[in-house]
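Work through these exercises with the model open beside you. Try each task before reading its solution.

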Amino acid sequence: MLGRVNHIAIAVPDIAAASAIYRDTLGAEVTAPQALPDHGVTVVFVLLPNTKIELLEPLGADSTILGFVTKNPSGGIHHICYEVDDILAARDHLVASGARVLGGGEPKIGSHGLPVLFLHPKDFNGALIELEEKPR
Ligand code: CO
């Protein structure tokens with residue numbers, strides 16, 4: 001069911017500072033910040049040869065990553081995103097397997113304009129998993 005790693009997300013308190021670390025210290029290509037109010041985050045992608053790193057900064061007072069960044073003030077790995085061919089088939093398989101799909105199980109449109117779902121970390125070894133449907 002799982003395809004390639006689409007991205008690994010790191011939640012940070014200051015996305016400009018985090019972007020500068022990846023661009024200047026680590027010598028990677030970073031995209032311009034993009035505000036995603038529906039997801040409560042501002043996002044920057046670090047473009048790597050084999051995957052991407054998604055830097056996330058809380059956006060708005062009810063951002064879902066605000067608590068995470070408060071608990072991890074220097075930032076921390078937030079989730080891993082895997083690609084799937086068919087997100088609804090993946091969801092149905094996971095639900096039938098007893099896994100919890102967050103947000104009522106309905107895919108949302110993610111930062112790449114593709115449907116995404118998040119899976120409960122307690123069902124997956126303590127790691128928050130995002131599934132993103134591959135473009136058709
Ligand atoms: Co993500």
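Two strands count as paired if DSSP finds at least two bridges between them. Keep that in mind for the first exercise. The model is a predicted one.

**Exercise 1. Trace the strands that pair with S4.**

Task: find which strands pair with S4, in which sense, and over how many bridges.

Solution.
- Step 1. Begin with S3 (residues 34-36). It runs antiparallel to S4, with 3 bridges between the two. Ala35 faces Thr42 of S4.
- Step 2. Look at the connection. S3 and S4 make a hairpin with 4 residues between them. Gly40 sits in that turn, and its phi is positive, about 70°.
- Step 3. Go on to S5. S4 and S5 are antiparallel and share 7 bridges. Here too there is a hairpin, through 4 residues. Phe45 has Glu54 in S5 as its bridge partner.
- Step 4. Add S2 (residues 29-30). It pairs with S4 in the antiparallel sense over 2 bridges. Val30 is matched with Val46 in S4.
- Step 5. Check burial. In S4 (residues 41-47), 6 of the 7 residues are buried, so the strand is largely enclosed by the rest of the structure.

**Exercise 2. Place S1 among its partners.**

Task: state which strands pair with S1, and whether each pairing is parallel or antiparallel.

Solution.
- Step 1. S6 (residues 76-84) is antiparallel to S1, joined by 6 bridges. Val5 stands opposite Tyr82 in S6.
- Step 2. S5 (residues 52-58) pairs with S1 in the parallel sense, over 5 bridges. His7 stands opposite Lys52 in S5.
- Step 3. Of the 7 residues of S1, 5 are buried, so S1 is largely enclosed by the rest of the structure.

**Exercise 3. Describe the cobalt site.**

Task: name the protein donors of the cobalt ion and decide on their arrangement.

Solution.
- Step 1. List the donors. They are His7 (NE2), Glu54 (OE), His79 (NE2) and Glu130 (OE), at 2.0 to 2.4 Å from the ion.
- Step 2. Read their spacing along the chain: H-x46-E-x24-H-x50-E.
- Step 3. Locate two of them. His7 is in S1 (residues 5-11) and Glu130 in S9 (residues 129-133), so this pair ties together parts 123 residues apart in sequence.
- Step 4. Check the angles. A tetrahedral set of four needs all angles between 85 and 135 degrees. The 4 donor atoms here subtend 86 to 174°, which makes the arrangement irregular.
- Step 5. Ask about burial. His7 has a relative accessible area of 0% and is buried. Glu130 is buried as well, at 5%.
- Step 6. Look around His7. Its side chain makes a polar contact with that of Asn6, at 2.8 Å. Another polar contact, of 3.2 Å, joins the side chains of His7 and Glu54. Beyond its sequence neighbours, His7 also touches residues including Phe45, His112 and Glu132.

**Exercise 4. Map the largest nonpolar core.**

Task: find how many residues make up the largest nonpolar core, and which elements supply them.

Solution.
- Step 1. The core has 12 residues, among them Tyr82, Leu94, Leu119, Phe124 and Leu131.
- Step 2. S6, H3, S8 (115-119) and S9 each supply at least two residues of this core. H3 gives the largest share, 3 residues.
- Step 3. Take one member. Leaving aside neighbours within four places, Phe124 is in contact with Leu94, Ala99, Leu119 and Ile129.
- Step 4. Apart from this core lies another, of 11 residues, including Ile10 and Tyr22.

**Exercise 5. Buried or exposed?**

Task: decide whether Arg91, Ser19 and Asn125 are buried or exposed.

Solution.
- Step 1. Arg91 belongs to H3 (residues 87-96). Its relative accessible area is 15%, under the 20% limit, so it is buried. Arg91 touches Val101, Gly105, Glu106, Pro107 and Leu117, not counting residues up to four places away.
- Step 2. Ser19 lies in H1 (residues 15-25). At 6%, Ser19 is buried.
- Step 3. Asn125 is in the loop between S8 and S9. At 83%, over the 50% limit, Asn125 is exposed.
- Step 4. Note the backbone. Asn125 is not glycine, yet its phi is positive, near 60°. Most residues other than glycine have a negative phi.

Definitions and conventions
Residues numbered from 1 in each chain as written. Predicted model: local features only at pLDDT ≥ 70, side-chain atom pairs only at ≥ 80, totals over all residues. Heavy atoms only, no water. Buried < 20%, exposed > 50% of the residue type's maximum accessible area, 1.4 Å probe, protein only. Contact = heavy atoms within 4.5 Å. Donors = N, O, S within 2.8 Å, 3.2 Å for Na, K, Ca; no water. Tetrahedral: all angles 85-135°; square planar, octahedral: opposite > 155°, others 65-115°. Polar contact = N/O pair within 3.5 Å; in protein donor to acceptor, adjacent residues only side chain to side chain. Core = buried A, V, L, I, M, F, W, Y, C linked by side-chain atoms within 4.5 Å.
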